[in-house]
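Please open the model in your viewer and keep the selection tool at hand, since this tour goes from one selection to the next.

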Amino acid sequence: MTGGIHHITLITRKVQANVDFYVGFLGLRLVKQTGGFEDATQLHLLYGDATGTPGSLITFLVWEDGSPGRVGYGQPSEIALAIAPESIGFWLTRALQFNIPTSGPAQEFGEPVLRLKDPDGVIVKFVGTDAVAACDAWAMDGIPSPDAIRRIRGATILTEQPRATRAFLEDYFGYAAMGESETITRMVAESGDCVDVRDASGFWSSAPGTGTIDHIAFRSPGIPEVTAIFDRLVASGADATAMHDRKYFSSIYVREPGGSLLELATDGPGMLIDEAKNELGSTLFIPPHFAKEAQNLKVMLPQFSMPNEWRFIYRELPFVHRVYTPEEAGGPTLVLLHGTGGNEASLMPLAALAAPRATLMGVRGRSTEEGSARWFRRFAPLTFDQKDIGFEADAFAAFIQGAVEAYGLDLTTTVFLGYSNGGNLLAAMMQLRPHLVRNAILLRATKVLDETPQSDLSDARILFVTGDHDLFGAHAPALEAELRQAGADVTSLSVPAGHETGDHDIEAIRQWLAETETGQI
């Protein structure tokens, strides 16, 4: 039989704000940071007690600057954290000190409850209770040990099928109904953990995204017990997944009849298998099956700082952007414009290999085409929306000017690297708004402006790299000629490639940077 909640996993939009809240305000310990086991370009953070004990773990998938989700039926809606009953006043005072709005205290099922919201808007409840035992307490300055969070108290599930959801929790996860309040039935495990099943009939449906709870995981002693539950689920017709090895535990997933995603996870091996207790959470791990891509993935995952450490302060600018700072910074800043279907992190591995000491600023295009990010609209593969090009070029020029003021960019040494659609926007912006970009790398760029303005690019250096069998390269020579005619210092190279980038591009960029005055690499 299972033993209550193992962990609860949510989705956050801003990693730094998330760390500041869950570590800096709540006082949880960051016990693990990894790339996602399904998508290693997605950072996964695990918070908990001193050793990451099952039952204390709140985990987050980081969808940096991702789209918000919608809370509704078919999804959990709240998380509850257990504290001592007499500590409600401490947390109310601490919330006021941190300027975090609260609701309550109020009585729920005989327990005092204080509600607030995390930076993504997820409801977090402090529940004063002695119903669950504390795990391995984590001491932190500003939070006396008696007032510290003990562990997870529970969660709330929204469902249009409350009777079926309750039966599912009872049949497979060992919960029993222990009380009712209006539209909520409280389901309790032997461990004392609770799941409140709320009848959300008539409410709107949920949608995945940031600011939502992805799933609730329940505890199991080991793989044989998980396998036995899996066999029962399959026999009953439930669509359960096969066993997943998550390194720190093994688990299966299933959706309960109301639609919420549930997980059954083993208690072991635990968080201490690859870090000592005093080092938990200090190393970024990449899942073993992505080991060959570890170097690239570590560059793509968003960086963050612990509370009271120095951090990069992001400013509001016209485009979503992300900054990567290498451990040994000292080269130029490279501003990266991705190709169609990419994002702000797509070019970071290539740029980091070409310039290991460079600070990287990846920028996300604002146009979309069938769900893929782009820099401007197109009507056909080689027919482009001229008004949109002009509008987005002006917006990117404003972004550059804002970055100069906000981040102190030195445009004499900053290098702008654009690939494919990003290179097209970059070249068009240079022609429409000259004298902003002084150093540019254009990979697989082509002519997109129907009418080329008269422009002075005599202060611009450009590396123009084409693929010798690029199917989209027919108009690249025309763009190169226009840039030269405008006075730019163009270094043109053809590499043995199609439209894709590779080692030849990395070497070309490395040599060009070394030969120009843009800084050491």
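A residue is called buried here when its relative accessible area is under 20%, and exposed when that value is over 50%. Keep in mind throughout that this is a predicted model.

Begin by selecting residues 223-235, which make up helix α4, a run of 13 residues that reaches 18 Å from its first C-alpha to its last, close to the 18 Å expected at 1.5 Å a residue. Within α4, colour Val226, Ile229 and Leu233, which are buried. Because these residues cover an arc of only 65 degrees around the axis, they lie on the same side of α4. Now turn to the face of α4 that points away from its buried side, where you will find the exposed residues Pro224 and Ala235. To see what covers the buried residues of α4, add a selection that includes α3 (162-173), β13 (212-220), β15 (249-255) and β16 (261-269). Just after α4, stop at Gly237, whose phi is positive, at about 95 degrees.

Next, move to the open sheet, in which eight strands follow the order β6-β7-β8-β5-β9-β12-β11-β10 with mixed pairing. Select β6 (102-108) and β10 (176-181), which stand at the edges with a single partner strand each, so one side of each has no neighbour in the sheet.

Stay with β10 and add β11 (residues 184-188), which runs antiparallel to β10 and is joined to it by five bridges. As one pair to pick out, Ala177 has Met187 in β11 as its bridge partner. Finally, show α3 again, which packs on the sheet and touches β9 (151-159), β11 and β12 (194-199), its direction making about 165 degrees with that of β12.

Terms used. Residues numbered from 1 in each chain as written. Predicted model: local features only at pLDDT ≥ 70, side-chain atom pairs only at ≥ 80, totals over all residues. Heavy atoms only, no water. Helix = DSSP H or I, 4+ residues; strand = E, 2+ residues; numbered from the N terminus. Expected span 1.5 Å × (residues − 1). Buried < 20%, exposed > 50% of the residue type's maximum accessible area, 1.4 Å probe, protein only. Arc of directions from axis to C-beta. Contact = heavy atoms within 4.5 Å. Pairing = 2+ DSSP bridges. Axes fitted to C-alpha atoms, helices over the stretch in contact; angles between N-to-C directions.
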